[in-house]
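Trainee: I would like to go through this structure step by step, with the reasoning behind each answer. Could we begin once it is in front of us?

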Amino acid sequence: MTVQEDSEDPKIELKNIIGCRVREARKAFQGGLTQDHLSGRLAALKITIDRAGIAKIELGIRHVYDFEVAALARALRVDVKWLLGIETTGGPDKIVRRTE
């Protein structure tokens with residue numbers, strides 16, 4: 001198991017490896033997305049994760065399914081490989097700044 005490095009409790013075991021990057025991309029997105037707004041963007045992709053679920057993902061205390069990882073990457077306009085920590089490029093600096 002992986003232990004979250006930036007957690008207030010260093011003994012919290014992570015249930016996902018994308019939480020910190022989801023938070024980073026969300027905050028960098030067009031001046032910042034709220035967790036609720038990200039939930040809405042996911043709903044438009046037919047993925048149901050409420051604000052509390054987003055918070056739990058970001059804290060690393062909620063498991064994330066593969067289809068949710070793909071949807072999060074799409075909603076945040078980042079590369080899946082970046083979310084997973086496989087690549088160092090494709091993150092928030094790649095975000096296309098446009099209004100929808």
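**Helix α2 and the core**

Mentor: Just after α2, K46 takes a positive phi of about 70 degrees, where helices (H or I, at least four residues) are DSSP runs numbered from the N terminus. This is a predicted model, in which local features need pLDDT of at least 70, side-chain atom pairs count only at pLDDT 80 or more, and totals for chains, interfaces and linings use all residues. Residues are numbered from 1 along each chain as its sequence is written, and side-chain values use heavy atoms, with hydrogens and water left out.

Trainee: Within what arc do the buried residues of α2 fall?

Mentor: In α2, the residues Q35, L38, S39, R41 and L42 are buried, meaning under 20% relative accessible area, while exposed means over 50% and partly exposed lies in between (1.4 Å probe, protein chains only). On the other side of α2, D36 and A44 are exposed. Seen down the axis of α2, with directions taken from the helix axis to the C-beta atoms, the buried residues line one face of the helix, because they fall within an arc of 160 degrees.

Trainee: Which helix supplies the largest share of the largest nonpolar core?

Mentor: A nonpolar core is a set of buried Ala, Val, Leu, Ile, Met, Phe, Trp, Tyr and Cys residues joined through side-chain atoms within 4.5 Å. The largest one here has 21 residues, and L38, L42 and L72 are among those that touch the most other members. Helices α1, α2, α3, α4 and α5 each supply at least two residues of this core, and the largest share, six residues, comes from α4.

Trainee: Is I17 buried or exposed?

Mentor: I17 lies in the segment before α1. Its relative accessibility is 56%, so I17 counts as exposed.
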